[in-house]
Amino acid sequence: MNADHSLDNRVLLMGDLAGYGKVALSAMIPVLSAMGAEVFNLPTALVSNTLDYGRFRILDTTDYMEGSLRVWRELGFSFGAVYTGFVTSPRQAALMTDFCREVSEAGARVFNDPIMADHGRYYNGMSPDAASERRPLVAVSDLTMPNYTEACLLTGMDYCEGSITADNVTDIIGALRAIGARSVAITSCYVEGAHCVAGYDEPAGHYFSIPYEVLPVDFPGTGDLFASVTIGRMIQGDSVTDAVRDAMRVVHDMMEQGRGERDRFKGLPVEKYIHLLARKDNENKL
């Protein structure tokens with residue numbers, strides 16, 4: 001890829017759009033916009049509300065996506081980065097993979113979050129073929145950002161409820177790179193007694209493991225927040241490692257300040273905490 005990515009801040013987000021709740025596109029658009037990106041979106045599904053409420057409706061938008069991409073090609077629209085998140089079907093995954101391959105060949109960077117599972121199991125309603133459907137999207141990514149459960153499902157490696165070794169996580173990272181991902185950031189790892197995000201920074205040529213503090217609070221959409229800050233920092237010129245580190249800081253600080261939110265099922269009200277995106281060292285202020 002020969003494009004100067006630091007000069008191209010046009011980001012296309014392909015993920016689900018929740019009508020009620022700050023997750024997925026609803027969370028990522030304000031974050032990336034605040035970070036200076038020019039943000040576009042192509043919803044993969046319309047979701048009535050976050051799934052944490054237990055009842056919801058999901059509308060598959062594959063036909064709409066297919067038609068939109070056709071029009072965009074005719075109009076000559078282009079993007080410097082593309083993100084892929086929630087996928088509804090094998091047909092939609094194939095459509096997204098073909099588009100990502102096309103834009104990657106044109107010089108865009110491709111970011112992937114293979115949303116499908118956590119805590120050792122698939123999300124409710126997820127197909128047992130979800131991992132195989134998402135592998136092609138991982139294969140065309142410059143950076144894939146699965147959680148530990150998703151990384152195990154994608155690679156066919158055993159999931160461990162307890163702590164894993166540094167060699168274990170290195171093997172999983174290697175297996176993800178063997179699928180085709182250039183760089184990797186695995187969230188929710190528990191490695192040799194420490195919670196961390198572990199991965200591989202392909203441009204820098206090194207592995208990384210960044211520890212974090214586990215807070216006694218949960219919100220849906222924190223993975224979307226992590227992905228959006230990571231993408232935003234890389235567009236600003238950060239390395240994979242530095243972008244991941246700052247995304248971890250932002251997620252931690254927003255969760256810490258959001259402890260008092262009354263309805264956590266809605267996710268974090270990111271606009272309320274958008275000031276926390278500012279770097280603590282005051283460099284590159286927003």
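Start by selecting C160: with a relative accessible area of 29%, this cysteine is partly exposed. Keep in mind as you go that you are looking at a predicted model. Which cysteine has the closest sulfur to that of C160? Add C152 to the selection and put a distance label between the two sulfurs; you should get 8.7 Å, which is too far for a bond.

Next, jump to C196. This one is buried, because its relative accessibility is 2%. Show C189 as well, since that residue holds the closest cysteine sulfur. The separation here is 5.0 Å, again too far for a bond, because a disulfide needs the two sulfur atoms within 2.5 Å. How many disulfides does the structure hold in total? The count is zero, so you can skip hunting for bridges elsewhere.

Now move to the loop between α4 (130–139) and β10 (143–144), and pick out S141 there. Is S141 buried or exposed? It counts as buried, because its relative accessibility is 0%. Turn on the side chain and look towards V138: the backbone oxygen of V138 sits 2.7 Å from a polar atom of the S141 side chain. Then bring up the contacts from further along the chain. Setting aside neighbours within four places in sequence, S141 touches V110, N112, G180, A181 and R182. Leave R182 displayed, as you will want it for the following stop.

Step along to D142, which belongs to the loop between α4 and β10 too. D142 is buried as well, because its relative accessible area is 8%. What does the side chain of D142 make a polar contact with? Its partner is the side chain of R182, at 3.2 Å. R182 therefore turns up twice on this tour, once among the contacts of S141 and once as the polar partner of D142. While you are here, select F111 and check its C-alpha against that of D142: they are 6.0 Å apart in space, although the two residues are 31 apart in sequence.

For the last stop, head out to the surface and select Y20, Y53 and F265 together. These three form a nonpolar patch, and their combined accessible area is about 290 Å². Zoom in on F265, which you will find in the segment after α8 (240–257). F265 counts as partly exposed, because its relative accessibility is 40%. To round off, compare F265 with S141 in a surface view: F265 is partly exposed at 40%, whereas S141 is buried at 0%.

How values were computed. Residues are numbered from 1 along each chain as its sequence is written. This is a predicted model: local features need pLDDT of at least 70, side-chain atom pairs count only at pLDDT 80 or more; totals for chains, interfaces and linings use all residues. Side-chain values use heavy atoms; hydrogens and water are left out. Helices (H or I, at least four residues) and strands (E, at least two) are DSSP runs, numbered from the N terminus. Buried means under 20% relative accessible area, exposed over 50%, partly exposed in between (1.4 Å probe, protein chains only). A polar contact is a pair of N or O atoms within 3.5 Å; within protein, one must be able to donate a hydrogen and the other to accept it, and residues adjacent in sequence count only if both atoms are side-chain atoms. Contact means heavy atoms within 4.5 Å. Patches are made of residues with over 30% relative accessible area and no salt bridge: like charges are joined within 9 Å, nonpolar side chains (Val, Leu, Ile, Met, Phe, Trp, Tyr) within 5 Å. Accessible areas come from the Shrake-Rupley method with a 1.4 Å probe; for residues, only the protein chains shown count as cover. A salt bridge is a side-chain nitrogen of Lys or Arg within 4 Å of a carboxyl oxygen of Asp or Glu.
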